[in-house]
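Biologist: Hello! Shall we go through this protein together, one question at a time?

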Amino acid sequence: MDYDWDLTRIFKNDDELKSTIDKINDLLKEIIKYKGKIFDNLYGFLETDSKIDLLCERIYIYSFLKFYEDMTNNESKELVNSVLNIYDKANSERSFVIPEILKLDYEDILNKIRNDDRLEKYRFYFEKLFKDKDHVLSEKEEKILSDMSSLYRIPENAFEELDNTDISFDKLKDEEGNLITLTNSNYGVLISSKNRSVRKSAFNKLYKYYKNHINTFSSLYLGHVKCDKLISNTRKYSDSLSMYLSSDNIDKSLYNNLIKCTSDNLSYLYDYYKVKKNVLGLSKYHLYDTYVNISSMPERKYSYGDSLEIIYKALNILGSEYIKDFKTVINNKSVSVLPKKGKRSGAFEWATYGVPPYVCLNFEGDINSISTIAHEMGHAMHSYYSNLNQEYVNANYPIFLAEVASTVNEILLSEYLFNNTDDKNEKIYYLVEFLNKFKSTVYRQTMFAEFEKIVHDMEDNNENLSRDTLCNIYYDLNKKYFGDTVCIDEDIKYEWSRIPHFYSSFYVYKYATGFISAIIIVDNLKKDKNYKEKYLNFLKSGGSKYPLDILKDALVDISDVNVMNRAFEIFNEKLNLLKKYIDE
């Protein structure tokens, strides 16, 4: 069994990547020749432009995957920087494209598509372009914005340095009494420790760092928010949120409905905290107590091979075709399995068109590792089916849909494990794991989404924003989302400053909608044995339609408040089941 990925399927070596950069430069010279003549040779232009996109995608993914193998390797870091430079150059050189296309008559383009079958695959591309026509600037203005893109990344880049490279936490004692250094990587383990003094110490020492640097973190984030406002105003959007929702053709009502619906269902979450508080026997239940798994299930170790066998059985409901293709992907030198010195922590999936998807794991042999495999392979199967069934221009599924397939796999695994044990403590463990994931992915991410909206609205309305404003907004949201059962420790007001996703504006709400969509899909799979065909078609759809339309084809209307409420009802059903097993 292979435990490392093979990047030579993208490029044989770094030299081939560098020669591809030369090809991109040649293609950029060629694309310039279409300036003022795009309509005359529409197909030739689109094919050349797509080739540039694909080659840029490949050098980008290859360089970063190689860098993530060993992040201490300076040569790999330099390769990433050279790729980012050509990436920015490609965007700048092609800044004339969209303004020129949008000067054309949309009906003329549609007529051209009707008369040339080769152009049919680009129909949705043009539909998306002309939908946002009013927000595209002149060629000169587009080039200025493109040339400034590296400046917009400065707040995020500085945040990453402060939050990763320059970070330094105090030491603390672990459960065995050993003095260890707190890191972002081990914080998750320490904050969920059965030993209350360990998790309290981890909480206090973590937020001490962010408190000490809150002025810098605030300046960086406010700089990012101001960039959002500048760009949205320049592009003539009503506000920053509308700008970020536009590409997915999503109305602000969905975003607002998510916040309202989550707020209306907070009683279920409050009830869950009461259950955990009672099981733990605490007179005061603090934020650092909320991550403890109240199950007493013993630790077990699994081999990588055994983990895969469990996953195959758990996903059997998706049909033989899915399982066969799953095995093809995961056994194709596509996975970096084990942790190594210098390797990026965590797990992720990345795919480039025409090459099987890659998955990075840091397999530890515990139950969480099995769940991580299922999750990341959900992403991989989504990429695999999309790339196999769509032309390149329509293959990339939008971020709005990115967490759906991965979460479907996680939930199916959880349900399989729950249904295939008679041990009460194991059942409690799997129920708690589900409820915790719902809490962290729906409730928590929606709290983040509400924070982002409040801050951006204040900036868009020219209201005063400061370090204290940010901290107070976040503290008040914690009081709202945790309720009276939980003691809201003051230092939680600094937590917003350590959330990297805030530098990808209005991104986090997609985790919540993705999880809700996945819950509904699993519900449909359990109720209708023929539904799996609709789900497989969802995986094969890529980005061929707007995301809400793709979900609707899978019988999931996430814009419907009733659908959102159904997900919260399932949370409550699991919670009631948990209470039953605890009371037995």
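Biologist: Let's begin with a lysine. Is K480 buried, exposed or partly exposed?

Modeller: Keep in mind that this is a predicted model. Here K480 has a relative accessible area of 27%. Buried would need under 20% and exposed over 50%, so K480 is partly exposed.

Biologist: Which residue does K480 meet in a salt bridge, and how far apart are the N and O?

Modeller: K480 is in helix α22 (residues 467-482), while its partner sits in helix α21 (residues 424-460), 30 residues apart in the chain. That partner is buried, with a relative accessible area of 13%. The residue is E450, and the N to O distance is 3.0 Å.

Biologist: How many salt bridges does a search of the whole structure find?

Modeller: The bridge between K480 and E450 is one example, and D523, K527, R566, E569 and E573 are even linked in a network of salt bridges. For the whole structure, the search finds 39.

Biologist: Which parts of the chain are linked by D53 and R94?

Modeller: The side chains of D53 and R94 meet in a salt bridge, at 3.1 Å from N to O. D53 is partly exposed at 32% relative accessibility, whereas R94 is buried at 11%. The two are 41 residues apart, and the linked parts are helix α2 (residues 42-69) and the loop between α3 (74-93) and α4 (97-102).

Biologist: Why are D264 and K260 separated by about one helical turn?

Modeller: These two side chains also meet in a salt bridge, at 2.8 Å from N to O. K260 is exposed, with a relative accessible area of 52%. Both residues belong to helix α14 (residues 252-264), and the separation is about one turn because they are four residues apart.

Biologist: Now for the rings. What kind of aromatic pair do Y353 and Y392 form?

Modeller: A search of the whole structure finds 62 aromatic pairs. In this one, the ring centres are 5.4 Å apart and the planes meet at 70°. Planes over 60 degrees apart count as edge-to-face, so the pair of Y353 and Y392 is edge-to-face.

Biologist: Where do Y353 and Y392 lie in the chain?

Modeller: Both residues are buried. They are 39 residues apart, and the pair links distant parts of the chain. Y353 is in the loop between β5 (348-350) and β6 (358-360), and Y392 is in the loop between α18 (367-389) and α19 (399-402).

Biologist: How is the aromatic pair of F400 and Y509 arranged?

Modeller: F400 lies in helix α19 and Y509 in helix α23 (residues 509-527), so the pair ties together parts that are 109 residues apart in sequence. F400 is buried at 1% relative accessible area, and Y509 is buried at 1% too. The centres are 5.9 Å apart with 55° between the planes, and the arrangement is tilted.

Biologist: Which ring does the charged end of R118 sit over?

Modeller: Rings can have a charged partner here as well: K427 lies over the face of F418, at 4.1 Å from the ring centre. For R118, the charged end is 4.0 Å from the centre of a ring, and that ring belongs to Y43.

Biologist: Let's turn to the strands. Which are the edge strands of the open sheet?

Modeller: The open sheet has three strands in the order β4-β6-β5, with mixed pairing. Within it, β5 and β6 pair in the antiparallel sense over three bridges, and F348 stands opposite C360 in β6. Strands that pair on one side only are at the edge, and these are β4 and β5.

Biologist: Which residues make the nonpolar surface patch of about 290 Å²?

Modeller: One member, L338, is in the loop between β4 (335-336) and β5. L338 counts as partly exposed, at 35% relative accessibility. The patch is made by M1, Y3 and L338.

Biologist: One last distance: what separates the C-alpha atoms of G346 and T372?

Modeller: G346 lies in the loop between β4 and β5, and counts as partly exposed at 43% relative accessibility. Along the chain, G346 and T372 are 26 residues apart, and the separation of their C-alpha atoms is 9.3 Å.

Definitions and conventions: Residues numbered from 1 in each chain as written. Predicted model: local features only at pLDDT ≥ 70, side-chain atom pairs only at ≥ 80, totals over all residues. Heavy atoms only, no water. Phe/Tyr/Trp six-rings, centres within 6.5 Å; stacked < 30°, edge-to-face > 60°. Buried < 20%, exposed > 50% of the residue type's maximum accessible area, 1.4 Å probe, protein only. Lys NZ or Arg CZ within 6 Å of the ring centre and 35° of its normal. Patch = residues over 30% accessible without salt bridge, like charges linked within 9 Å, V, L, I, M, F, W, Y side chains within 5 Å. Areas by Shrake-Rupley, 256 points an atom, 1.4 Å probe, with all protein chains shown as cover. Salt bridge = Lys/Arg side-chain N within 4 Å of Asp/Glu carboxyl O. Pairing = 2+ DSSP bridges.
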